[in-house]
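Here's a quick briefing on a single protein chain, written for someone who likes geometry and surface numbers. Have a look at the structure first, then go through the points below.

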Amino acid sequence: MQAVRPIANLAVRNAAFLSRGYHGPNNFRVYTMNDMPVPEGDFFEQHRAKNRTYNAVLAAGIVIFGITFTIAKESGLIYFNYNPPKSID
């Protein structure tokens with residue numbers, strides 16, 4: 001118990017020192033709308049180019065999912081239980 005007291009005192013002193021040690025930066029500046037970046041180029045052209053890429057990735061994902069799903073179903077890995085199982089007899 002005696003060994004814990006100096007560590008606790010040190011922690012309390014450090015916490016008090018650190019909690020009062022913050023000072024804001026000296027070169028702080030309030031930003032205005034004039035400091036914001038100005039858009040350049042045609043938005044719709046860039047949007048179309050990005051959207052074309054996203055749609056191609058989406059279409060490829062749908063096709064790959066369909067192929068994977070069909071192969072898994074036809075190979076018997078997946079059974080959906082949409083009809084009663086066949087009789088073993």
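What follows covers the overall make-up, the aromatic rings, the surface patch, the salt bridge and a database annotation.

Keep in mind that this is a predicted model. The protein chain has two helices and zero strands, and just 1% of its 89 residues count as buried. A good part of the story below sits around helix H2, which covers residues 43-74.

**Overall surface**

- About 9,300 Å² of the protein chain is exposed, and carbon and sulfur atoms supply 65% of that area.

**Aromatic pairs**

- How many aromatic pairs are there? The count comes to three.
- One of them is Phe65 with Phe69, a stacked pair with 5.8 Å from centre to centre and 25 degrees between the planes. That angle is why the pair gets the stacked label, since planes under 30 degrees apart count as stacked.
- Both Phe65 and Phe69 belong to helix H2, and they're four residues apart, or about one turn of the helix.
- Is Phe65 buried or exposed? With a relative accessibility of 57%, Phe65 is exposed, because the cut-off for that class is over 50%.
- Phe69 comes out as partly exposed, at 34% relative accessible area.
- Phe69 also pairs with Phe80: the ring centres are 5.6 Å apart and the planes sit at 35 degrees, so this pair is tilted.
- This second contact links distant parts of the chain, as Phe69 is in helix H2 while Phe80 is in the segment after H2, 11 residues apart.
- Phe80 is partly exposed too, with a relative accessible area of 37%.
- Put together, Phe65, Phe69 and Phe80 make one aromatic cluster.

**Nonpolar patch**

- Which residues make the nonpolar surface patch? Phe65, Phe69, Leu77, Ile78, Phe80 and Tyr82 do, and the patch amounts to about 680 Å².
- The members of the aromatic cluster, Phe65, Phe69 and Phe80, are thus among the patch residues.

**Salt bridge**

- Side chains of opposite charge can pair when their charged atoms come close.
- The structure holds one salt bridge.
- The partners are Asp35 and Arg29, and their closest N and O atoms are 3.0 Å apart. This counts as a salt bridge because the distance falls within the 4 Å cut-off.
- Are the two partners buried or partly exposed? Asp35 is partly exposed at a relative accessible area of 34%, and Arg29 is partly exposed as well, at 45% relative accessibility.

**Annotation from the record**

- UniProt, in an unreviewed entry, puts a "transmembrane region" at residues 53-72. Such annotations may be inferred rather than shown by experiment.
- In the model, residues 53-72 are 100% helix and 0% strand, and the end C-alpha atoms of the span lie 28 Å apart.

Technical notes:
Residues are numbered from 1 along each chain as its sequence is written. This is a predicted model: local features need pLDDT of at least 70, side-chain atom pairs count only at pLDDT 80 or more; totals for chains, interfaces and linings use all residues. Side-chain values use heavy atoms; hydrogens and water are left out. Rings of Phe, Tyr and Trp (its six-membered ring) pair if their centres lie within 6.5 Å; planes under 30 degrees apart count as stacked, over 60 as edge-to-face and the rest as tilted. Buried means under 20% relative accessible area, exposed over 50%, partly exposed in between (1.4 Å probe, protein chains only). A salt bridge is a side-chain nitrogen of Lys or Arg within 4 Å of a carboxyl oxygen of Asp or Glu. Patches are made of residues with over 30% relative accessible area and no salt bridge: like charges are joined within 9 Å, nonpolar side chains (Val, Leu, Ile, Met, Phe, Trp, Tyr) within 5 Å. Accessible areas come from the Shrake-Rupley method with a 1.4 Å probe; for residues, only the protein chains shown count as cover.
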